[in-house]
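Here is a chain with its fold. The questions below ask how its labels are earned.

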Amino acid sequence: MKIQHHQLRLFGDLNTKRAVNVASVNQYSPFRYPGGKTWLVPFVIQWLMHQPKRPADFIEPFAGGAIIGLTVAIEQLAQHVTLVEIDEQVSAVWKAIIYGDYQRLAQMIIDFELNQENVDRVLSSTYTSVEEQAFQTILRNRVNRGGILAPGAGKVKNGENGKGLKSRWYPQTLYRRIIQIAKVRERITFIQGDGLEFLEQSADRSDVLYFIDPPYTIAGKKAGSRLYTYSDIDHEKLFTIAERLKGEFLMTYDDTSTVREMASRHGFVTEVVTMKNTHHREMTELLISRNLKWLSGSKSG
Ligand SMILES: C[S@@+](CC[C@H](N)C(=O)[O-])C[C@H]1O[C@@H](n2cnc3c(N)ncnc32)[C@H](O)[C@@H]1O
């Protein structure tokens, strides 16, 4: 049975040439993630609506802030969601919420008194419990410029409207999001590990869908190496594995000639989608799949 979706109506007429109004998208992630995919949510829902049946597992092998995977889990668009991420700081957050004492994490956020001294103390500490590590990551994600967790990231000084550190610290919102994810956590599996390896292991499963959003580090576009601690992946290998996947996949990449060439060499189709970046500038990204006929305004198939 095809699944229906209430949110799709709210997005109006989806069009690859017009940036989605991200304010109309429900936000579930506790991260403000560099390269986050809020703008893609309506398209992924559209993709899921076009599947003959609800997938048994929705796999996100480069999860990061997991904006897409969380939407799928919370809105029950798949029976199960599997998130894979290699970064230990990011992983601590998912482990604490999905397997750990999420109440404790949420309470730490509510109880934290935000000032420079407390921020410095937490960010320079070495923690042993996964909840404390998760709290440290969430705080770092909020106070570092652009939400960047990689070494060398700048810190927000005056913040938005000169409000300094507080400009990005919304404890009640973070609390609510953590509780909301925890409510569906029995339907989510989190694995700290290599997304490529996981893809290889699950390649024979035909009842799954993959959303593949790797760090973009292909020649000419080096954004990924500044944004993420782990950004060095073998893109050629990823495309080769994607060819072998029995389940359908949707990949996103920077729109460069190298990526287009690689996609066509592996027999995939591509489509440019307009999005707004964090500075509200219109940009484009490339969607890659075996078939993009379901995409509004798509010319490929
Ligand atoms: C573009 S981001 C994903 C953003 C995510 N789609 C979102 O909306 O929040 C890519 C992620 O891949 C992670 N990563 C890098 N190498 C990896 C690997 N070999 N296996 C799994 N994750 C990896 C990075 O740490 C980063 O979080």
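Q: What stands opposite E60?
A: E60 stands opposite L83 in β2. Strands here are DSSP runs of E, at least two residues; helices are runs of H or I, at least four; both are numbered from the N terminus. The model is predicted: local features need pLDDT of at least 70, side-chain atom pairs count only at pLDDT 80 or more, and totals for chains, interfaces and linings use all residues. Residues are numbered from 1 along each chain as its sequence is written.

Q: What makes β1 and β2 a pair?
A: DSSP must find at least two bridges between two strands. β1 and β2 are joined by 3 bridges, so they pair. They run parallel.

Q: Which strands are the edges of the open sheet, and how do you know?
A: The order of its 7 strands is β3-β2-β1-β4-β5-β7-β6, with mixed pairing. β3 (188–192) and β6 (269–276) each pair on one side only, and are the edge strands.

Q: Why is A66 called buried or exposed?
A: The count is of other C-beta atoms within 10 Å of a residue's own, placed from the backbone: 20 or more is buried, 12 or fewer exposed, in between partly exposed. A66 has 31, so A66 is buried. A66 sits in the loop between β1 (57–60) and α3 (67–74). Its phi is positive, about 55 degrees, although A66 is not a glycine.

Q: And why is Q76 called buried or exposed?
A: Q76 has 12 such atoms, so Q76 is exposed. Q76 lies in the loop between α3 and β2 (81–85). Phi of Q76 is also positive, near 55 degrees, in a residue other than glycine.
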